[in-house]
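User: I would like to go through this structure with you, one question at a time, with the reasoning set out before each answer.

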Amino acid sequence: MALKVKHLMTVDDLEAIPDDEWHRFELIEGELYVSCALGLPHQLVLNNLQLELGNYLLTNPIGKVVPGPGAVFDKYNSVIPDLVFVTNTRWSTIIAKDRFNAAPDLVVEIISPGPTNRSRDLKLKRKIHGRFGVREYWVVDTWARSVMIFRLAENILEEVVTLRQSDQLESPIFPGLSLKLTNIFTHDVDEFLT
């Protein structure tokens, strides 16, 4: 009886794929995941969140927020989070070749529509980020107007709370931050969701 051996893709295989501005390519446990260009609701929420965190960091310069960076954790795991935060003390130690090569302090994913995307962000990416030491993971659901917050406990990102639109987001990563979710899920997002 012959065994079927599944070929796992590596970061080298991923880097050999020609550039494509309409798709994002991620490698999770050696499996290739391809996403289409992101829609306006996704991008508006991302912009709002980046502005809120950026404003906080202007008065509390504890680190940097970066949208859409590459993060290569090992030979079989290379992802493109929607947003990451890294403290100033860790910044220079986790960057190589213009991308992150170790876990950022915070990773934010904004779920794209569909059960496959939801499963990838809530299960697969959460598992990878936990294993490599991301301290906090936020999963933003534009349609449900919610943010699920996961925190690291023994290499597992465990859900701490799910916040809804009228709630305020607080995190030990950002001392003194009290972010109103209504500032993320603004009316300019609503016109695309109805």
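User: Which residues of strand 9 lie on one side and which on the other, and are they buried or exposed?

Analyst: This is a predicted model, so everything here is computed from predicted coordinates. Strand 9 spans residues 106–110, and five of its five residues are buried. Both of its faces are covered, with Val107 and Glu109 on one side and, on the other, Leu106, Val108 and Ile110, and the state of all of these is buried.

User: In which sense does strand 9 pair with strand 10, and over how many bridges?

Analyst: Strand 9 has strand 6 as a partner, to which three bridges join it in an antiparallel run, and in that pairing leucine 83 stands opposite valine 108. Towards strand 10, glutamate 109 stands opposite valine 139. The sense of the pairing between strand 9 and strand 10 is parallel, and the number of bridges is five.

User: Which element gives the largest share of the largest nonpolar core, and how many residues does that share hold?

Analyst: The largest nonpolar core has 25 residues, and among those with the most contacts inside it are Leu49, Leu53, Trp138 and Phe174. Several elements each supply at least two residues of this core, including strand 6, strand 9, strand 10, strand 11 and strand 14. The largest share nevertheless comes from helix 2, and it holds six residues.

User: Which residues does leucine 49 touch, leaving out those up to four places away in sequence?

Analyst: Leucine 49 has its place in helix 2, and because its relative accessible area is 1%, which is under the 20% limit, it counts as buried. Its C-alpha lies 7.9 Å from that of asparagine 183, although the two are 134 residues apart in sequence. Not counting residues up to four places away, leucine 49 touches Leu83, Val108, Trp138, Val140, Leu179 and Ile184.

User: And with which residues is leucine 53 in contact, its neighbours within four places in sequence aside?

Analyst: Leucine 53 is listed with Leu49 among the residues that have the most contacts inside the largest nonpolar core. With its neighbours within four places in sequence left aside, leucine 53 is in contact with Val65, Leu83, Trp138, Phe174 and Leu177.

User: How many residues does the second, separate core have?

Analyst: Apart from the largest core there is a second, separate one, which includes Ala71, Ala103, Ile111 and Leu157. The number of residues in this second core is 19.

User: How many bridges pair strand 13 with strand 14?

Analyst: Strand 13 and strand 14 form a hairpin with two residues between them, and serine 171 stands opposite phenylalanine 174 of strand 14. The two strands pair in the antiparallel sense, and the number of bridges is three.

User: How does the lining of the largest cavity divide by class?

Analyst: One cavity of 30 Å³ or more is found in the whole structure, and the largest cavity has a volume of about 50 Å³. Among the residues that line it are Arg24, His42, Asp82, Glu109 and Arg120, while helix 4 gives the largest share of the lining, three residues. By class, the lining has two nonpolar, three polar and six charged residues.

User: Which residues that line the largest pocket are the closest to its centre?

Analyst: The largest pocket has a volume of about 400 Å³. Helix 1, strand 1, strand 4 and strand 5 each supply at least two residues of its lining, which divides into 10 nonpolar, four polar and five charged residues. Of the 19 lining residues, the closest to the centre are Leu14, Asp19, Phe25, Ile80 and Arg99.

User: Does arginine 145 count as buried or exposed, and why?

Analyst: Arginine 145 lies in the loop between strand 10 and strand 11, and its phi is near 50°, a positive value in a residue other than glycine. Because its relative accessibility is 17%, under the limit of 20%, arginine 145 counts as buried.

User: Is glutamate 154 buried or exposed, and why?

Analyst: Glutamate 154, placed in the loop between strand 11 and strand 12, has a positive phi of about 55° although it is not a glycine. Because its relative accessible area is 78%, over the limit of 50%, glutamate 154 is exposed.

How values were computed
Residues numbered from 1 in each chain as written. Predicted model: local features only at pLDDT ≥ 70, side-chain atom pairs only at ≥ 80, totals over all residues. Heavy atoms only, no water. Core = buried A, V, L, I, M, F, W, Y, C linked by side-chain atoms within 4.5 Å. Buried < 20%, exposed > 50% of the residue type's maximum accessible area, 1.4 Å probe, protein only. Helix = DSSP H or I, 4+ residues; strand = E, 2+ residues; numbered from the N terminus. Contact = heavy atoms within 4.5 Å. 1 Å grid on protein atoms, 1.4 Å probe; cavity = no way out; pocket = protein on both sides within 12 Å on 5 of 7 lines; lining within 4 Å. Points joined across faces, edges and corners; volume = space filled by probe spheres on them. Nonpolar A, V, L, I, M, F, W, Y, C, P; charged D, E, K, R; others polar. Pairing = 2+ DSSP bridges.
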